[in-house]
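User: I am new to this structure. Please take me through it in short steps.

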Amino acid sequence: MPGAGTGSIPMDTEAGKDQDLAAVKKPIKCILSDGPCDHLAPADEASWERCWACPSGAGLLTAPERANPELFRILREVRTRNWQLESWNRRIGLLLEVLNLVQSAGDLETTLRIILNCVTSGYSIGFNRAFLFLLDEEKACLRGRLAVGPSTREEAYEIWRNIEETARNLEDIVSAARLGGRLGDGELTRLVAGIRIDLGRGDSLLEQCLGKGETVIRDPASLPNLDALSVLNLHAFVCTPIVTAGRPIGLIVADNFITGEVPGEEQVNLLKALAGQVGQAIANATRNEDIRRWLQELSTLTEVSKGILSTTDLETDLCLVSRISAQVLNAKGAVLRLVDDDTGALGCKAIYGISIGEMVSPSEEGARAIAEDVLKTGRAVLLNDTGSYLASNPGLERRKNLICVPLTKGEKAIGTLTVFDKIHAEALAEDGFGADDLRFLTVLAGQAAIAIENAKLFDNLRKTEAGLQELHRHLLRSERLAALGELSSQVAHEIRNPLTAIGGFARSIMKQLPSDDSNRAYMEIIIKETDRLERILTEQLCFAKLSPPEFKMEDVNKVITETTSLFAEKVSAKKARLETRLAPDLPGLHIDADKMKQVFINILQNALDSIGEGGKIEVTTSRSEWTVEIGFANDGPPIPQEMLERLFVPFATTKAGGSGLGLAIAYEIIYEHGGTIDARSEQGTGTTFLITLPLATEGERRRGPVDRRSAVRDRRRYGRIA
Amino acid sequence: MARILVVDDDSSLRILYSKELADEGYDVETVSSGREAMDSISGKRPDIVVLDIKMEGMDGLSALNEIMKIDKTIPVILNTAYSTFKSDFTTWNADAYVVKSSDLTELKETIRQILQSA
């Protein structure tokens with residue numbers, strides 16, 4: 001029997017036991033060893049039939065055994081050795097099975113957990129604790145990844161008390177691994193995940209082990225190069241590299257923290273065997289993990305692409321891109337900048353996770369400088385230590401790390417996308433952005449650039465289309481009006497002559513009728529009606545041949561006052577009020593005052609006709625950035641919606657005596673001035689005609705009504721005039 | 001008594017004008033075409049011509065040209081249903097341009113002014 005007659009293989013001990021441990025061990029009567037056993041035993045002795053570490057298969061001494069103690073001692077010895085062999089056999093078989101299982105475990109986390117559970121299970125290798133480190137080649141470091149084992153002695157008892165229920169066999173180990181960590185694993189994993197050992201310095205114990213192979217450290221406290229490992233409070237431990245294809249990919253560190261036993265030869269060999277075999281499985285799982293992540297990124301990208309390519313609205317696109325890039329990279333925020341087509345300056349277009357106020361802070365100035373660099377060079381920048389960049393770009397203190405990629409369309413850089421401040425799931429890991437993040441953002445930026453260009457094109461297309469539609473509408477109107485004018489002038493000739501004769505004779509007769517003649521009233525009707533017909537003809541003819549406007553610098557307020565004064569008499573006859581609220585500081589406008597007066601007269605006449613006795617008309621002027629607005633509001637009954645849509649179409653009148661031309665003429669005149677006229681009418685608020693005239697220089701007006709303000713006008717016009 | 005020649009192809013208007021202008025105390029002759037107007041002017045010079053523009057055969061503007069050729073001093077008032085000819089430069093030879101209306105006040109006033117200044 002190796003050791004002090006314990007018969008325990010996993011706990012095969014050397015003599016050195018620390019005092020601590022001795023305190024918690026008490027000798028129990030172990031049936032198998034037929035004498036005092038110094039195996040670890042829980043306080044609650046009654047629940048144990050035998051030492052937990054002794055093999056099964058041992059039974060109570062039978063009567064023959066008692067009768068021939070020597071024979072049976074030999075027999076027992078044979079049986080024990082036999083068991084020992086069986087046990088090894090079983091363990092090796094177990095290892096093989098573990099390897100099989102590990103190969104098919106799928107995800108990395110489960111794979112690693114199975115391996116470590118195998119290292120710590122009493123049924124296999126039986127270490128107290130195991131830690132796994134993986135090599136990060138990109139960052140040239142070893143990182144703590146996972147740990148299994150109790151973090152305190154109390155936990156150890158807790159775990160071991162339940163061990164029989166939780167880990168009787170391989171399936172238990174595996175299912176425990178699949179379920180996640182046991183008590184203590186989380187705490188240990190947290191500790192080990194904080195460990196990062198940079199390679200290349202050569203002074204680290206683990207780095208040396210990577211090259212040398214398994215190393216048993218009997219007295220960790222005496223080692224000078226333990227550094228990062230000291231937090232694990234290691235006892236005598238074994239450290240073995242995990243190798244695949246002759247290349248180390250990580251390390252397993254295992255110790256007997258609770259029992260304090262120095263790892264025995266068998267333990268070390270088993271661990272070495274395991275570590276030598278699981279390398280491929282870990283490499284596969286890592287690759288699977290990578291593939292899974294790439295697939296996920298790919299599907300995210302597909303989703304993002306679908307999202308941004310399906311919207312053709314530029315603003316929505318930009319917001320979407322900045323939000324998604326920050327969210328997918330798990331970062332605090334993102335800023336999207338675009339080159340202005342006109343000025344060539346790089347301007348911020350969309351932000352996520354950062355306030356507008358912050359955008360003007362010095363810290364953003366630094367970020368902007370980086371963006372300009374990226375735009376110039378066309379090369380992405382990944383800064384995980386913004387401190388080192390501070391010398392040339394002061395003010396970056398507030399950013400922990402950032403990635404900035406160019407948005408390029410073909411060869412041309414059209415903007416930049418900056419993502420900053422990686423958020424880490426584990427507080428201890430603060431490595432910032434990785435190559436994966438950069439790769440992902442680059443692909444996303446490519447998609448975004450396409451989407452942005454599409455949206456821009458679509459935007460232009462939409463503007464052009466709106467302009468064309470407007471032009472088309474106007475052409476239709478013009479054609480219709482031209483045809484109408486042609487007709488009018490012919491009809492006018494045919495009607496005007498007889499009308500003149502009728503009215504003329506009526507007047508002639510009127511002169512001769514005695515003042516008390518009862519027919520005078522009828523004659524007056526004839527005269528009045530012919531007058532009205534003549535007026536309609538005049539309007540039509542006026543419409544048929546609208547002479548081109550003569551633009552002069554005029555004061556719109558003055559034109560309005562002159563027009564309203566014409567209405568004073570009519571207004572007071574109706575006991576109505578005509579009020580003006582004119583902006584005092586209006587600039588002069590290039591307009592044809594006579595024509596504009598015609599417009600105002602037509603609108604005011606309509607307003608006066610629609611309001612009731614004691615009604616109110618209000619004329620207002622105001623100025624906006626590009627335009628002067630003139631409003632004519634009245635409190636008359638609302639104009640029905642279907643009428644509102646045809647308000648400016650010739651002959652669409654609701655008035656009994658109207659020609660249906662007044663507003664059509666007004667529309668034509670305002671159109672010639674490059675302005676817009678629009679009517680709104682609602683129950684309760686009355687009707688308002690709004691005229692918008694451009695504040696343009698004469699040169700600009702010559703460009704015609706489809707100019708840079710057309711977009712504004714089109715929005716207003718839509719749905720108004722069919 | 002001032003002599004007025006009215007040229008209009010509308011017979012009703014010819015009756016109206018001759019009655020109304022006669023009431024004003026003028027000697028009124030009416031003809032229905034440019035050709036007839038030429039004949040009349042060649043015979044006896046009127047003090048003023050009231051000329052319609054849109055007429056069958058020779059229209060008012062051609063007639064105006066012919067009248068100018070015969071005698072540049074005869075005052076001519078163009079009287080038409082269209083205001084559009086106002087901007088036609090061939091109408092500038094005329095002394096006045098009055099749009100037809102059943103209210104003859106403007107026409108009568110124009111005639112009076114031209115005769116006074118002659």
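User: At about what angle to E4(A) does helix H8 of chain A run?
Analyst: This is a predicted model: local features need pLDDT (the predictor's confidence in each residue, from 0 to 100) of at least 70, side-chain atom pairs count only at pLDDT 80 or more, and totals for chains, interfaces and linings use all residues. Residues are numbered from 1 along each chain as written, chains are lettered from A and ligands numbered from 1 in written order, and side-chain values use heavy atoms, without hydrogens and water. Helices (H or I, at least four residues) and strands (E, at least two) are DSSP runs, numbered from the N terminus. H8 (residues 185-193) lies across E3 and E4 of chain A, and its angle to E4(A), on a scale from 0 to 180 degrees between N-to-C directions of lines fitted to C-alpha atoms (for helices over the stretch in contact), is about 175 degrees.

User: Which strands are the edges of the sheet in chain A?
Analyst: The open sheet has 6 strands in the order E5-E4-E3-E8-E7-E6, with antiparallel pairing. Two strands pair if DSSP finds at least two bridges between them. The strands that pair on one side only are E5 (196-198) and E6 (215-217) of chain A.

User: Which residue in E7(A) stands opposite Val216(A)?
Analyst: E6(A) and E7(A) (residues 237-244) run antiparallel, joined by 3 bridges. Opposite Val216(A) stands Val238(A).

User: How is chain B scored on average for pLDDT?
Analyst: In chain B, 93% of the residues score at least 70. The chain's average pLDDT is 88.

Notes:
Contact means heavy atoms within 4.5 Å.
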